[in-house]
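Here is a short tour of a protein model, written for someone who likes to look at the atoms while reading. Please keep the viewer open and follow along.

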Amino acid sequence: MADKDENYAFPWGFHIGDLHKGDDSIPLYTVTDDGGFCLLYDNASEAKADKLLESLCLELLSTMPHESLKVDLFDFGRKKFYNLSPLQYIQLYKTAFNPKMMSALFEELEETIISRHKELLCCNRPTINEHNQKSKLKKMYHLVLMNLENFPTEEFDLRRIKNFVESAAQAGVYVIAFGNQEIEKSENQTTQTILEHFKKIRVTEGEFAITKEIFEFVELLEDHTFKSLDLDKGSLMQKTLTNADIESLINPENIKLEENTKVK
């Protein structure tokens, strides 16, 4: 069980993979201070991108104190993250897969951001990270995954999306937007607002383009090989469930992952 008095700090970086040279490896992180990033892939690289996102989420959920982080997903169509699905039962993972659900979840996150800015953040506590270091009343962080192929919907106007992305990180809400690289051609202004706000990681033919915007020490790539994050997701999921101390409610060995089906 995680210590209830443990420091509720969101990590300084997103672990996106490792640099390898011979038998040595160095974890590669991109900083979280700017609130997130966009992961853009071609058709050949979607599965690899999905593995990175799912591994990243599960690593955070399994290492941060229990109930300090929740993952929220906006995505239509085929379910991507089977290993995250069991965590819905302990309210650490929430999905919105139709316009009505997306609207409700967005409003919920929007209200969280607005209320935290109004009621908690000030000159001495400009972010929820700093609030959580000084207050006994810890606030949960949110990691929001957005599939840009179907988010934002027409119900979200430009002003709301702009306010959301500009104020989310200070309020403890981090965003990873993802989608096919073709989305960059979209004429939707709200989609472009998200794309313009966050730094981008592109994956083409299975190869990740690691730029200085993503990783400061790009010179290491000259003699190191980058391998994107692909962890033992089943093990991380069970560790998260164990941290939740729900043995009496759910036996991790009996949890069955969902089949590759369409969302109804």
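## A glutamate in a loop

Let us begin with glutamate 149, which sits in the loop between E6 and H4. Bear in mind that this is a predicted model. Once neighbours within four places in sequence are set aside, the contacts of glutamate 149 are Tyr41, Gly179, Asn180 and Ile183.

One of these partners deserves a zoom: the side chain of glutamate 149 comes to 3.3 Å from the backbone nitrogen of asparagine 180. You can also pick out glutamate 182, which is 33 residues from glutamate 149 in sequence, with 9.2 Å between the two C-alpha atoms.

## Aromatic pairs

A pair of aromatic rings is described by the distance of the centres and the angle of the planes. With ring centres within 6.5 Å as the criterion, the count is 14 aromatic pairs. One of them joins phenylalanine 10 and tyrosine 174, with 3.9 Å from centre to centre and 10° between the planes. This pair counts as stacked because its angle is under 30 degrees. Phenylalanine 10 belongs to the segment before strand E1 (13-21) and tyrosine 174 to strand E7 (residues 173-180), so their pairing ties together parts 164 residues apart in sequence. Phenylalanine 10 is buried at a relative accessible area of 4%, and tyrosine 174 is buried at 6%.

Next come phenylalanine 74 and phenylalanine 151: their ring centres are 4.7 Å apart and their planes meet at 45°, so this pair is tilted. It links distant parts of the chain, with phenylalanine 74 in strand E4 (residues 69-74) and phenylalanine 151 in the loop between strand E6 (141-147) and helix H4 (158-167), 77 residues apart. Both of these phenylalanines, 74 and 151, are buried. For a wider view, select Phe10, Phe14, Phe37, Tyr141 and Tyr174, which form one aromatic cluster.

## Helix H1

Helix H1 (residues 46-63) is 18 residues in length, and its first and last C-alpha atoms are 26 Å apart, close to the 26 Å expected at 1.5 Å a residue. Its buried residues include Leu52, Leu53, Leu56, Leu58, Leu60 and Leu61. Asp50 and Glu54 are also among the buried residues of H1.

## The whole protein

Zooming out, the protein has six helices and 10 strands. Of its 264 residues, 52% count as buried. The protein exposes about 13,600 Å², with carbon and sulfur atoms supplying 47% of that area.

How much of the contact count with a separation of 6 or more comes from residues 24 or more positions apart? The share is 72%.

Note on methods:
Residues are numbered from 1 along each chain as its sequence is written. This is a predicted model: local features need pLDDT of at least 70, side-chain atom pairs count only at pLDDT 80 or more; totals for chains, interfaces and linings use all residues. Side-chain values use heavy atoms; hydrogens and water are left out. Rings of Phe, Tyr and Trp (its six-membered ring) pair if their centres lie within 6.5 Å; planes under 30 degrees apart count as stacked, over 60 as edge-to-face and the rest as tilted. Helices (H or I, at least four residues) and strands (E, at least two) are DSSP runs, numbered from the N terminus. Buried means under 20% relative accessible area, exposed over 50%, partly exposed in between (1.4 Å probe, protein chains only). The expected span of a helix is 1.5 Å times one less than its number of residues. Contact means heavy atoms within 4.5 Å. Accessible areas come from the Shrake-Rupley method with a 1.4 Å probe; for residues, only the protein chains shown count as cover. A polar contact is a pair of N or O atoms within 3.5 Å; within protein, one must be able to donate a hydrogen and the other to accept it, and residues adjacent in sequence count only if both atoms are side-chain atoms.
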